[in-house]
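Welcome! Below is a set of short exercises, each with a worked solution. Keep the sequence and the structure in view as you go.

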2 protein chains.
Amino acid sequence: MARAPAPGTRDTILTAAAGLFYEYGVRAVGMAQVVEVAGCGKNLLYKHFPSKAELAAAYLTLARRERERTIREALRWADGPADSLMALVTEIADSVTRPGYRGCPFRNYLTEFPGESDEPAMVALTFLADARAQLDALVTGIGGDALMADRIWLIINGLHTGPPAQAQVAVDWIKDMISSVRLTEAL
Amino acid sequence: MARAPAPGTRDTILTAAAGLFYEYGVRAVGMAQVVEVAGCGKNLLYKHFPSKAELAAAYLTLARRERERTIREALRWADGPADSLMALVTEIADSVTRPGYRGCPFRNYLTEFPGESDEPAMVALTFLADARAQLDALVTGIGGDALMADRIWLIINGLHTGPPAQAQVAVDWIKDMISSVRLTEAL
DNA sequence: GTCTATAGAAGGATAGAC
DNA sequence: GTCTATCCTTCTATAGAC
């Protein structure tokens, strides 16, 4: 009899690859390294991910799912768009201050592969566009205009790049912006 | 008599390498590619730059020199710290909207080689620290506090990451911030 | 002849892919 | 495990300027 395929192998490989890709960069990590950490054979790796680009795309897709889950939980307790916006920004600020933080995986990939339009690049670009759209919706929800959305997006981009020490500055700032909109509305 | 060494060879190689490194990324560009674009032999390349890391360090040092020259010119016509700060931010906004813009070379390198502490990484980190210090000095000069410097740094970081379309948003925003400080001072 | 330059192969390691 | 390709680096061979 043939050996039964191990369940969850794909996840094991993907988890190993995701950790390595995020910590050291996609280009810096070789498939052999992924195999070593995942503890499987090369053939099994290529069976589940026919190329490194597909593995990278799966890694970014996983990162997206995790991020969406985190944000969904953060928005769970929020009532109203103002609360949601604050929860969103707070979550981002928290994430960049976490120990292992090494930048935004999507922006990092696009920096590592500039001008690329392969599958992982599409995943990254799509995520960023969707995140921007989500922000726009929340800002519109609290009565903010396009300028406010642009500004908050600017801060979020800066948050992902700069030193984690400034996370609180960003959160407080956006909180002020939200409050001022509410005051304006109250007139 | 011996053949005279060609003058300006180092600059030719460095210019070629800088263009390639910036456009495609340091990791993506091979030494053979540099040689090809520079139009010289490998021997000469390794004579001037004994390793790729040294070539990358020279590339970042060149980028720093060019940036400092640009900023120095931008600050030439400015009188007073408020004008200087505006000129600085305007210059950055202009640079990110230029056609060939592909991100900040220093931040890009640090993303390509995360956790690295070799010579090019040091050049990049030193530049960013110095740029931050220069910003702090200008903000202090107009009577701004540490929070204002943090906020502007956040915007600048966002500027280097995000879409060029938001450059004008950033410039106008910082202009408003400067104006409000002046108003506060006038009280 | 002597030195520098280019072109290209070779070494050794490592990449992705099968 | 193996295959091919490419990486950085070194070395050899050849052409050209003095």
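## Exercise 1: Annotated regions

In chain A, the UniProt annotation "DNA-binding region", from an unreviewed entry, covers residues 30-49. This is a predicted model in which local features need pLDDT of at least 70 and side-chain atom pairs count only at pLDDT 80 or more, while totals for chains, interfaces and linings use all residues. Residues are numbered from 1 along each chain as its sequence is written, chains are lettered from A and ligands numbered from 1 in the order in which they are written, and side-chain values use heavy atoms, leaving out hydrogens and water.

Task: describe the backbone over residues 30-49 of chain A, then do likewise for residues 7-67 of chain A.

Solution.
- Step 1. Residues 30-49 of chain A are 75% helix and 0% strand, with their end C-alpha atoms 14 Å apart.
- Step 2. UniProt lists residues 7-67 of chain A as "domain: HTH tetR-type", again from an unreviewed entry. UniProt positions follow the numbering used here, feature names are shortened, and annotations may be inferred rather than shown by experiment.
- Step 3. Residues 7-67 of chain A are 77% helix and 0% strand, and the end C-alpha atoms lie 25 Å apart.

## Exercise 2: The fold of chain A

Task: find how many helices and strands chain A has.

Solution.
- Step 1. Chain A has 9 helices and 0 strands. Both are DSSP runs numbered from the N terminus (helices: H or I, at least four residues; strands: E, at least two).
- Step 2. Along the sequence, the pattern reads α-α-α-α-α-α-α-α-α.
- Step 3. The C-alpha trace of chain A spans about 75 × 35 × 30 Å along its principal axes.

## Exercise 3: Two domains in chain A

Task: locate the domains of chain A and describe the interface of domain 1 and domain 2.

Solution.
- Step 1. Domain 1 covers 1-50 and domain 2 covers 62-186 of chain A; such bounds come from an automatic or database domain assignment.
- Step 2. The C-alpha centres of these two domains of chain A are 30 Å apart. Their contact (heavy atoms within 4.5 Å) takes 10 residues from domain 1 and 9 residues from domain 2.
- Step 3. Together the two domains bury about 740 Å², 58% of it on carbon and sulfur atoms. Buried area is the accessible area (1.4 Å probe) that two parts lose on being put together, summed over both.
- Step 4. On the domain 1 side, Y22(A), V26(A) and R27(A) supply 72% of the area buried against domain 2, more than any other three residues.
- Step 5. The rule finds 0 salt bridges across this interface of domain 1 and domain 2 of chain A. A salt bridge is a side-chain nitrogen of Lys or Arg within 4 Å of a carboxyl oxygen of Asp or Glu.

## Exercise 4: Where chain B meets chain A

Task: describe the contact of chain B and chain A, and find a salt bridge there.

Solution.
- Step 1. Chain B and chain A each give 29 residues to the contact.
- Step 2. The two chains bury about 2,500 Å² between them, 65% of it on carbon and sulfur atoms. In chain B, L154(B), Q166(B) and W173(B) lose the most area to chain A, together 29% of what that side buries.
- Step 3. Between the chains the count is 2 salt bridges. One of them joins D176(B) to R151(A), with the closest N and O atoms 3.6 Å apart.
- Step 4. Helix 1 (9-24), helix 6 (105-112), helix 8 (146-161) and helix 9 (167-186) of chain B each give two or more residues to the side that touches chain A. Helix 8 of chain B gives the largest share, 10 residues.

## Exercise 5: A salt bridge within a helix

Task: place the salt bridge of D136(A) and R132(A) in chain A.

Solution.
- Step 1. Side chains of opposite charge can pair when their charged atoms come close.
- Step 2. D136(A) and R132(A) meet at 3.1 Å, N to O.
- Step 3. Both residues, D136(A) and R132(A), lie in helix 7 (residues 119-141) of chain A, 4 residues apart, about one turn of the helix.
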